[in-house]
Amino acid sequence: MKNFSKKRNEKQMIVKKPKTKMKKPSKLNGKNEVSKKKSELSKKIELTTSDALSADSDIEFSDEHDPKLEFENSDVDSDGENTSTIQSNTSDYESEDEEGDDTHHVPPDSLEVASDDSDFEESQSSTSGKVTSQMVNEWEKELSTNKRSMKPVSSVVQAFHGCLMRVSGDPDSNSSQLRVDGSSVFNAVIRLCVTSIYPYLRKVMTLPPSSVTKVHVENSKRWATAKNVVRSYIIDLIKLIGNVSSDDILRVLLKHLHQMIPFVACLPTISKPFLKRTISLWSTSQDDTVRVIAFLCILRYAASDLSANLHTVLKKMYFSYVVNCKFVSHNSVPAVNFMRKCLTEMFGLNESVTYNHAFMYIRQLAIHLKSAVTLKKKDSILAVYNWQFISSLRLWVDVLCNMQSKPQMNSLIYPVIQIIISSIKLIPTAQYLPLRFHCTQMLIKLSKETGVFIPVLPFLIEALSILKLSSQNKKSSLKPLDFTYILRLSKAQLQDQVFKDAVIENIYDNMLQYTAQESYRMSFPDMVVVLQMNLKQFIKECKNANYVKKFKPLLEKIEETSKLISSERHGVSLSDAKAIAAWESNMKLRSNPLLKYFDSWVKIHEQKMARKDVEKIGNFEHELPELKKLPAKKVEKKKKTGEKTVLFASDSEDDDDDGDDVVEKLNQKCDEPADSKMKNIRKTFKPKPKDLKRKLKDTAVKANKKVRKSVPERIPDDGIDVVSIFGWMTQFSYTYLIFRQDVSFFGQLSQFSFRCNKLSSRRHNLETTGRKLRHPADN
């Protein structure tokens with residue numbers, strides 16, 4: 001009881017501190033009082049330290065006194081020594097308060113400024129978070145051992161987070177416990193994570209070595225302990241993939257992410273950033289390998305749990321496909337085709353999910369088309385006649401062709417066909433003939449793959465009637481049109497002959513493809529009657545021999561095939577569907593004249609397309625400028641004379657010398673035609689600074705003046721060579737024309753030189769006739 005009461009009194013003494021009244025020291029005696037109090041406190045501190053040393057003689061103290069450390073050590077004691085020191089301190093404060101009102105508050109020693117050693121300790125703690133190559137080597141050894149602890153993985157993940165902070169440039173360095181400095185350490189940490197983390201996790205969690213799935217990860221007993229570390233690592237990996245610009249590094253990181261897909265599937269909170277990053281790389285990356293690996297990551301994630309993941313994956317992929325199909329060109333067509341093929345594979349994973357998506361998006365297309373047909377406004381029509389609408393239709397055609405064996409998807413074939421036909425009929429003009437051909441190609445493919453009869457020939461015959469072959473167009477001034485990258489034609493393209501050539505080519509190709517795939521059917525002779533009549537009329541009225549040569553053999557092969565089918569179908573009854581199907585399958589195996597003709601056309605068409613690709617690759621070689629050197633003889637003469645080659649005469653030279661220099665240069669080109677003269681003059685006077693341009697203009701004007709002064713008003717019979725004089729003038733005027741760029745002046749010069757040529761022909765008659773030759777200026 002005595003000990004308990006003693007401790008209680010000590011606690012009361014510690015908690016209840018005396019209230020000191022703070023008074024301002026007087027101005028006169030303030031300094032003396034402060035010095036007295038300091039001396040008294042120093043004496044008391046010496047007494048307390050001497051008592052402690054006598055009581056605990058075995059404890060060793062450091063040279064530099066640290067009050068914080070003493071207080072922490074004093075709490076450990078249980079014999080009452082700590083309380084005695086506190087009591088002595090409190091009694092000291094009480095005695096100070098009892099001395100009088102003139103005293104003032106003095107702070108204790110524990111509030112003094114820390115020494116420089118504390119700064120040194122802080123710097124040591126900051127540098128202790130730096131990753132070194134030795135640490136990376138130790139982590140690699142730990143991950144290669146057979147231990148099953150998550151400590152090495154957590155330390156490596158922290159170092160990986162430091163790499164991310166270095167790449168992203170985040171100024172908040174406190175978020176990462178480890179800091180990575182230097183490219184060698186950075187590469188070592190990334191290499192360690194890519195090569196060692198997944199095998200170590202598979203070993204720790206006892207996963208199968210061949211194929212790891214979401215079920216294996218969730219059933220593992222160690223997944224609960226490794227879950228948080230793996231989550232932070234995958235988040236940092238996704239962020240690092242977004243901050244990397246090199247395609248080579250992206251390939252490596254995406255392959256590693258593909259390994260970690262089973263862990264991603266077990267963490268639903270990471271699915272949104274994962275899909276956002278991978279789908280953006282799949283749709284917008286410039287590297288084909290990056291696109292393929294990103295698609296494989298998406299496919300593996302969706303296949304891990306079709307019921308939970310496939311819906312969101314298909315929705316986001318379809319939106320990114322539509323957004324990136326807004327503009328189609330020669331460079332973007334391969335990427336669009338790749339995305340469409342990937343989406344067809346994704347839609348083929350589950351029939352029920354695909355039907356829901358297809359029904360919803362095909363219905364949206366039908367709504368846009370209905371508004372365009374009813375309203376007939378510019379905005380509503382442009383909502384249909386664009387690349388996004390056509391590309392989405394082409395996607396659903398590919399999906400239906402790929403899933404033709406699924407009975408649930410076959411119900412969507414008819415709505416797609418009606419949307420395509422209605423889009424053709426919306427504006428049936430020559431301006432939108434390229435869009436018509438895109439739609440007919442989709443109908444031909446859908447009819448071939450699904451076996452559904454679609455009337456395509458009426459739209460091709462209508463395109464022949466739209467094309468006015470009787471009107472004469474301008475000469476072909478443009479390159480051949482390729483309707484693969486065109487939906488709408490301009491007015492200038494409609495007036496060109498190239499437009500007709502492209503339309504005839506597309507009509508011929510589509511007719512041949514459709515008739516060849518329908519040539520084995522029993523209804524082929526009846527289906528082709530209208531086509532034969534229109535082709536005969538076209539061949540009769542067309543005046544272009546090339547068009548007639550193209551369609552005449554096609555008409556002959558169609559007639560031969562129709563005769564063959566009509567002769568072979570006599571013994572089959574039209575009421576027996578099974579007999580008709582067997583007969584058509586037998587005729588499909590046999591060959592007919594139209595199929596043979598189509599096979600030969602396919603070979604020629606493939607060679608033509610390959611030749612176009614080669615020409616596109618080699619086009620840049622022809623655009624390179626050619627450099628021509630001066631003849632070697634001229635350089636040797638200049639070297640022998642030892643004179644410096646000066647292109648333009650200086651201002652100090654005489655006018656006559658300037659004219660003579662230019663005459664000598666231009667007379668070297670007298671025997672060349674006009675085009676080569678202009679090219680060579682441009683080469684000789686290629687520099688275009690202001691001072692050189694001014695000098696050239698002055699020399700040309702002076703030379704022209706000199707020649708005009710030398711021409712008399714009346715040329716005597718045995719006098720000056722008229723042709724040489726006016727030849728010089730025309731050559732000087734070429735140089736003058738380069739800088740003035742006066743077309744009317746050039747026309748006058750051409751007439752002037754023509755009249756000079758007439759004078760040269762009359763020169764031979766001067767001696768016989770004796771008449772005077774008139775100057776051209778008099779005319």
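# Salt bridges and core in a predicted model

Student: In this structure, D248 forms a salt bridge with R251; how far apart are the closest N and O atoms?

Tutor: The model is a predicted one, and in it the side chains of D248 and R251 form a salt bridge. Side chains of opposite charge can pair when their charged atoms come close. For D248 and R251, the closest N and O atoms are apart by 3.1 Å.

Student: Which helix holds both D248 and R251, and are these residues buried or partly exposed?

Tutor: D248 has a relative accessibility of 49% and R251 has 26%, and because buried means under 20%, neither value falls in that class. D248 therefore counts as partly exposed, and R251 counts as partly exposed too. The two are 3 residues apart, which means a separation of about one helical turn, and the element that holds them is helix α11 (residues 247-259).

Student: R251 also meets D287 in a salt bridge; where does D287 lie, and how many residues separate the pair?

Tutor: The salt bridge between R251 and D287 has an N to O distance of 2.6 Å. This pair links distant parts of the chain, since R251 is in helix α11 whereas D287 is in the loop between α13 (271-284) and α14 (288-304), and their separation is 36 residues.

Student: What is the relative accessible area of D287, and does that make D287 buried or exposed?

Tutor: The relative accessible area of D287 is 12%, and the cut-off for a buried residue is under 20%. D287 is therefore buried.

Student: Which residue forms a salt bridge with E462, and which helices does the pair link?

Tutor: The partner of E462 is R436, with the closest N and O atoms 3.2 Å apart. The two lie 26 residues apart and link distant parts of the chain, namely helix α23 (residues 457-466), which holds E462, and helix α22 (residues 433-450), which holds R436.

Student: Of E462 and R436, which is buried and which is partly exposed?

Tutor: R436 has a relative accessibility of 3% and so counts as buried. E462, with a relative accessible area of 31%, is partly exposed.

Student: Which residues are joined into one network by salt bridges that share partners, and how many salt bridges does the whole structure have?

Tutor: R251 pairs with D248 and also with D287, so that shared partners join D248, R251 and D287 into one network. A search of the whole structure gives a count of 14 salt bridges.

Student: How many residues are in the largest nonpolar core, and which helix gives the most to it?

Tutor: The largest nonpolar core has 174 residues, and I234, F263, W282, M511 and F551 are those with the most contacts inside it. The helix that gives the most to this core, with 13 residues, is helix α8 (residues 183-204).

Student: Leaving aside neighbours within four places in sequence, which residues does I234 contact?

Tutor: I234 is among the residues with the most contacts inside the largest nonpolar core. Once the neighbours within four places are left aside, I234 is in contact with M260, F263, V264, L267 and I270.

Student: How many helices and strands does the protein have, and what percentage of its residues count as buried?

Tutor: The secondary structure comes to 38 helices and 0 strands. Of the 779 residues of the protein, the part that counts as buried is 36%.

Notes:
Residues numbered from 1 in each chain as written. Predicted model: local features only at pLDDT ≥ 70, side-chain atom pairs only at ≥ 80, totals over all residues. Heavy atoms only, no water. Core = buried A, V, L, I, M, F, W, Y, C linked by side-chain atoms within 4.5 Å. Buried < 20%, exposed > 50% of the residue type's maximum accessible area, 1.4 Å probe, protein only. Helix = DSSP H or I, 4+ residues; strand = E, 2+ residues; numbered from the N terminus. Contact = heavy atoms within 4.5 Å. Salt bridge = Lys/Arg side-chain N within 4 Å of Asp/Glu carboxyl O.
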